[in-house]
Amino acid sequence: MGLHQSDALDVERIREEFPILDREVGDGQPLVYLDNGATTQKPDRVIDAIADYYRTYNANVHRGIHQLSQEASIAYEEAHDAVAEFVGADGREEIVFTKNTTEAENLVAYAWGLNELGPGDEVVLTEMEHHASLVTWQQIGEKTGADVKFIPVTDDGRLDMDAAAELVTDDTEMLSVVHVSNTLGTVNPAADLVDLAHDHGAYAFLDGAQAVPTRPVDVNDLGADFYAFSGHKMAGPTGIGVLYGKQELLEEMEPYLYGGDMIRKVTFEETTWNDLPWKFEAGTPNIAQAVGLAEAIEYLEELGMESVQRHEERLAEYALDRMAEFDDIEIYGPTEPTDRGGLVAFNLDGVHAHDLASIMNDHGVAIRAGDHCTQPLHDKLGVAASARASFYVYNTTDEIDALLEAVDDARQLFA
Ligand SMILES: Cc1ncc(COP(=O)(O)O)c(C=O)c1O
């Protein structure tokens with residue numbers, strides 16, 4: 001049992017661990033930070049772990065005999081072990097550190113897709129994919145001649161699983177699906193989708209950028225071949241993301257970047273590759289960020305991911321209930337809280353999402369406005385933009401009330 005582990009999170013205590021939550025914005029408004037889907041805040045212990053690395057054992061990894069390099073190398077390698085354990089991977093060989101989710105998607109698209117796909121092959125995505133996956137596979141489709149198809153989203157913001165069963169065929173080589181939608185909040189039936197891909201001999205890639213920070217994820221239980229997420233959305237630093245890949249697949253794949261550290265032997269004629277995961281981590285990696293991510297993972301483990309998930313669900317349910325009181329608020333995504341993550345995208349009649357976000361800012365409330373890197377989905381929803389409030393472990397129902405007060409202000413202003 002961890003420090004805070006219990007049924008409900010001790011939010012008051014959690015808030016004390018995040019120094020930024022004490023600050024004021026504008027003309028003295030307390031900060032209400034509801035932009036966690038974009039990036040979360042960091043607790044002191046993550047900030048301290050990074051500072052401690054730079055203060056006491058900063059050195060390059062895997063290259064030095066000296067003590068500092070050994071200490072840095074151990075911390076860097078053990079960060080892979082911490083991530084592997086956190087997501088249920090078999091070991092550090094299956095955990096490649098990248099810059100973020102986007103780079104993890106590109107790694108697979110380039111290292112696997114460019115080499116393996118060709119005309120007649122199909123890549124199946126969903127209409128709710130983030131641009132990180134949508135644009136990447138679209139480009140790989142253009143370069144290789146593979147077709148890219150999209151599983152439709154139903155009117156209630158879920159995947160049309162009947163259509164999915166039709167779209168995934170024996171020509172499908174890759175099914176890439178967002179685990180939790182960053183716009184609709186939908187928690188997709190990831191294990192079923194992985195099974196569907198495997199039934200047709202295709203690989204399954206899950207984009208877990210919004211899932212790993214907010215719920216327990218076990219890649220082995222899900223059966224995914226690849227799984228990606230970002231450290232900065234889970235109380236860790238920017239500059240580090242994770243690609244999980246099944247070991248046998250990563251062994252077979254070509255490297256994505258070439259250079260130092262990813263090699264075993266180099267001659268003027270040829271080069272052989274290092275062991276996993278280093279084969280995919282060319283050059284000096286993000287060492288401080290890896291240290292920070294390992295600390296963030298320890299922190300989340302102490303909170304307990306089941307408790308984090310329940311907290312997210314409670315806040316989403318509260319926000320959905322409060323917003324449902326108003327006829328002029330349109331909510332996107334499932335309106336009932338089942339299988340829904342802790343974020344709500346919405347629009348207020350007659351007010352552009354950017355204006356709404358600006359009025360929120362006057363109230364000290366930080367939300368996101370725009371297409372949230374899901375432009376085609378917004379096209380389908382028939383809107384150019386939406387406002388999105390997204391929650392994390394330190395958010396409260398009072399903060400959702402503050403959001404609704406700001407919405408009311410916008411309503412008065414634009415009436
Ligand atoms: C579902 C989803 N996928 C991918 C990404 C891209 O993450 P990053 O910008 O850290 O690469 C995001 C971030 O907004 C996301 O929400």
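Helices H4 and H5 cross with a right-handed sense. This is a predicted model, and two parts of it are worth a friendly look here: this helix pair and a sheet of four strands in the order E13-E14-E17-E16.

**The H4–H5 pair**

- The contact draws on Thr-102, Glu-105, Asn-106, Val-108, Ala-109, Tyr-110, Trp-112, Gly-113 and Leu-114 from H4, while H5 brings Ala-132, Ser-133, Thr-136, Trp-137, Ile-140, Lys-143 and Thr-144.
- By residue class, this contact of H4 with H5 holds eight nonpolar, six polar and two charged residues.
- H4 covers residues 101-116 and H5 covers residues 131-144; their axes lie 9 Å apart and make an angle of about 20°.
- Angles under 35 degrees count as roughly parallel, so H4 and H5 are roughly parallel to each other.

**The four-stranded sheet**

- The sheet is open, and its strands pair in antiparallel fashion.
- At the edges you will find strand E13 (329-332) and strand E16 (368-370), each of which pairs on one side only.
- On average, neighbouring strands of this sheet are turned by 30° against each other, direction ignored.

**A closer look at E13 and E14**

- E14 spans residues 343-348 and runs antiparallel to E13, with four bridges joining the two strands.
- If you would like a residue pair to find in the structure, try Glu-330, which stands opposite Asn-347 in E14.
- Helix H11 (residues 305-324) lies across both E13 and E14, and H11 runs at about 15° to E14.

Key: Residues are numbered from 1 along each chain as its sequence is written. This is a predicted model: local features need pLDDT of at least 70, side-chain atom pairs count only at pLDDT 80 or more; totals for chains, interfaces and linings use all residues. Side-chain values use heavy atoms; hydrogens and water are left out. Axes are lines fitted to C-alpha atoms, for helices over the stretch in contact, and angles run from 0 to 180 degrees between N-to-C directions. Angles under 35 degrees count as roughly parallel, over 145 as roughly antiparallel, 65 to 115 as roughly perpendicular and the rest as oblique. A crossing is left-handed if the near helix is turned anticlockwise from the far one by less than a right angle, and right-handed if clockwise. Contact means heavy atoms within 4.5 Å. Ala, Val, Leu, Ile, Met, Phe, Trp, Tyr, Cys and Pro count as nonpolar, Asp, Glu, Lys and Arg as charged, and the others, Gly among them, as polar. Two strands pair if DSSP finds at least two bridges between them.
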